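Reader: I have the fold in front of me and would love a close look at a single part of it. Could you choose one piece, start with what packs against it, and then work outwards from there?

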Amino acid sequence: MSQTLPKLIDATLTLEHRVATLTLNRHDVRNALTGTALVDDIVTTAEWLNTASDVSVLVITGAGSAFCAGGNVKDMAERGGDFAGDVAEVAERYRRGIQRIPLALSNVEVPIIAAVNGAAIGAGFDLANMADIRVASSNATFGETFLNLGIIPGDGGAWFMQRQIGYQRAFELTLSGRIINAEEALAYGVVLEVVAPDALMTTAMTHATRIAAQPPKATRLTKRLMKLAPDMELKAFLDVCAVFQGMCHNEPEHLEAVERLLARMKK
C-alpha cells in the first residue's frame, strides 16, 4: 500500500479503487497556475504517484466553471508575481515554477486522464495535453492563447500539442490563438470524447476504472513503452520491449491474469 496521501494546499486529492483524483481547487481564480500553490500541488502529486503502488490511474479535473485558466493575466499586466523582473529573473522563475509541471507529469508512471470540465486556456490547455487521455464536458473550451498576449507557450505547450494532434493543426491553433469549443476539440483529436457536463466525471471514471482493473505493474511498463516509442529507433525499442516482457513474465500478476482467463474459457 502507498503512504498517506500528500498534503496539498490549493487542490484536493482522493484515492478510491486504485484511481487517484486530483481536483484543482482555486475556482476563485479559475484554477490559475500562477499566483496559487497549484504548481506545487501538481508536482507533489506527480512525485507521490511513482511511490504509490496502490494507484494505477490519475484523473485531473477542476473545481468550479474552469478546468484551468493558465497564467494570471492581472499579474502580467502589473509585471508582478511570476512575471516580474528582467529576462534572467523571469527565465529562472519559469524553470523553478510552471516548467516543473511538464517535467513532473512526463515522469508519472501511471496513466493520466484529464477530465476537462470547463475552460482550458493557455497553460491550462497545455496541462490537459500533458495527460494521456482527455475527456471533455460539452461546456469545455480550449485555447492556446499565449500569442494573443505577446508571449510564447513557456510551459512547453508547443512540444506537447503537436505530438497530440500533429504539427499543422497545432501550429494553426497556436499562431491564431483562437479558442475552440468541445466539438471542435473532438474533431481535431484534442479530446477522446465529449459528454454532457453531469456525465463528465462518470465517463472519466469509467475509463479510469477499466485501466485500473489491469495488472498494475504491466500497466506502468506499458505506459513507459508508449512514451518511449516516438523517440526511439525500432531495434532499440524492441530491445526494451524484450526486457520489459521478461519482467512481466516473472511477475505473479501475469500468472494470476492467465489463470483468470483460463477459468473464463472453461465456463
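Author: Gladly! Let's start with helix 6 (residues 157-165), whose buried residues are covered by neighbours including helix 4 (100-106), helix 5 (123-129), helix 7 (167-176) and helix 8 (182-188). Please keep in mind that this is a predicted model, in which local features need pLDDT of at least 70 and side-chain atom pairs count only at pLDDT 80 or more, while totals for chains, interfaces and linings use all residues. Residues are numbered from 1 along each chain as its sequence is written, and side-chain values use heavy atoms, with hydrogens and water left out. Helices (H or I, at least four residues) and strands (E, at least two) are DSSP runs, numbered from the N terminus, and contact means heavy atoms within 4.5 Å.

Which residues of helix 6 are buried? They are Gly-157, Phe-160, Met-161 and Ile-165. These residues lie on the same side of helix 6 because they cover an arc of only 100° around the axis. The arc is taken from the directions between the helix axis and the C-beta atoms, and buried means under 20% relative accessible area (exposed is over 50%, partly exposed in between, with a 1.4 Å probe and protein chains only). An α-helix has 3.6 residues a turn, so residues three or four places apart point the same way. Just after helix 6 comes Gly-166, with a positive phi of about 90°.

Now look at the loop that joins strand 8 (141-143) to helix 6, where you will find Thr-145. Thr-145 is buried, at a relative accessible area of 12%. Apart from neighbours within four places in sequence, Thr-145 contacts Ile-121, Gly-122, Gly-177 and Ile-179. Strand 8 itself runs parallel to strand 6 (residues 119-121), joined by 3 bridges, and Gly-143 in strand 8 is the bridge partner of Ile-121. Both belong to an open sheet of 4 strands in the order 4-6-8-9, with mixed pairing. Strand 4 (66-68) and strand 9 (179-181) have a single partner strand each, so one side of each of these edge strands has no neighbour in the sheet. On average, neighbouring strands here are turned by 20° against each other, direction ignored. Two strands pair if DSSP finds at least two bridges between them, and angles run from 0 to 180 degrees between the N-to-C directions of axes, which are lines fitted to C-alpha atoms (for helices, over the stretch in contact).

Another route out of helix 6 leads through Arg-134, which sits in strand 7. Buried or exposed, what is Arg-134? At 5% relative accessibility, Arg-134 is buried. Beyond four places in sequence, Arg-134 has contacts that include Gln-164, Ala-114, Asn-129, Val-191 and Glu-193. A polar atom of the Arg-134 side chain lies 3.2 Å from the backbone oxygen of Ala-128, and the side chain also reaches the backbone oxygen of Ala-131 at 2.9 Å. Such a polar contact is a pair of N or O atoms within 3.5 Å; within protein, one must be able to donate a hydrogen and the other to accept it, and residues adjacent in sequence count only if both atoms are side-chain atoms.

From Arg-134 we can step into the other sheet. Arg-134 is the bridge partner of Ala-114, and strand 5 (residues 112-116) pairs with strand 7 (residues 133-137) in the parallel sense over 4 bridges. Six-stranded and open, this sheet has 6 strands in the order 1-2-3-5-7-10, with mixed pairing. Its twist averages 20° from one strand to the next.

Next along, strand 5 runs parallel to strand 3, joined by 4 bridges, and Ile-113 in strand 5 stands opposite Val-59. Strand 3 is largely enclosed by the rest of the structure, because 6 of its 6 residues are buried. Val-57, Val-59 and Thr-61 are buried on one side, and Leu-58, Ile-60 and Gly-62 on the other. Strand 3 also pairs in the parallel sense with strand 2, over 6 bridges, with Leu-22 opposite Ile-60.

One last stop on the far side of strand 7: Thr-203, in helix 9 (residues 200-212), touches Val-135, Glu-193 and Val-195, not counting residues up to four places away in sequence. Thr-203 too is buried, with a relative accessible area of 14%.
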